[in-house]
Amino acid sequence: MNPKPVVLVVCTGNSMRSQLGEAMLRLELGDHIEIHSAGTHPGFVHPLTIRSLHALGIDTTALRSKGIAEFLNRKLDLVITVCDSAHETCPYLPGARKTVHRGYPDPIRRIDADDAQERMNALRDQMRAELRALVIDELSLPVPKPAS
């Protein structure tokens, strides 16, 4: 049996977008891929990210911000950069078969406590659909696309 393809989602801090991407891909395609996330300058997992995942019933106890260095010597079938900064600064990953960029805006760039969680949840839902389709297409996974 062939091992699952390995996917790495990268952003700058590994605190929001890449964490959401990893969680959504694990939820949608976890039976078909091995999924990880990392940051070019890791920090912490943002509380809004944790709340957004909790809203879907996703366990976040194992989440931690990881650096790209943890994956420099790994075989990676697909690397997805999800912020423009990471796309520009992501180091060469010698084990990466393919790298693609799908930029998403920083959900908390505009500091507005009233709608920050709403924007994070909307980003989560957008990434869930778009990254699922991207990974299926890029890796030619035999997984049916959800009905539109």
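Reader: Which helix gives the most to the lining of the largest pocket?
Author: Happy to start there: helix 1 (residues 17-29) does, with 4 residues. A helix here is a DSSP run of H or I with at least four residues. A pocket is an open set of points on a 1 Å grid with protein on both sides within 12 Å along at least five of seven lines, and lining residues have an atom within 4 Å of a point. This is a predicted model, where local features need pLDDT of at least 70 and side-chain atom pairs 80 or more, while totals for linings use all residues. Residues are numbered from 1 along the chain, and side-chain values use heavy atoms, without hydrogens or water.

Reader: What makes Lys66 and Glu22 a salt bridge?
Author: The closest N and O atoms of Lys66 and Glu22 are 3.7 Å apart, and the rule asks for a Lys or Arg side-chain nitrogen within 4 Å of an Asp or Glu carboxyl oxygen. So the pair qualifies. Lys66 sits in the loop between helix 2 (47-54) and strand 3 (78-81), Glu22 in helix 1, 44 residues apart.

Reader: Why does Lys66 count as buried or exposed?
Author: Lys66 has 9% relative accessibility, so it counts as buried (buried is under 20%, exposed over 50%, partly exposed in between, with a 1.4 Å probe and protein chains only). Glu22, at 6%, is buried too.

Reader: And how do you know where Arg97 and Asp77 fall, buried or exposed?
Author: Arg97 is at 56%, so it counts as exposed. Asp77, at 10%, is buried. Their side chains meet in a salt bridge (3.7 Å, N to O).

How values were computed
Helices (H or I, at least four residues) and strands (E, at least two) are DSSP runs, numbered from the N terminus.
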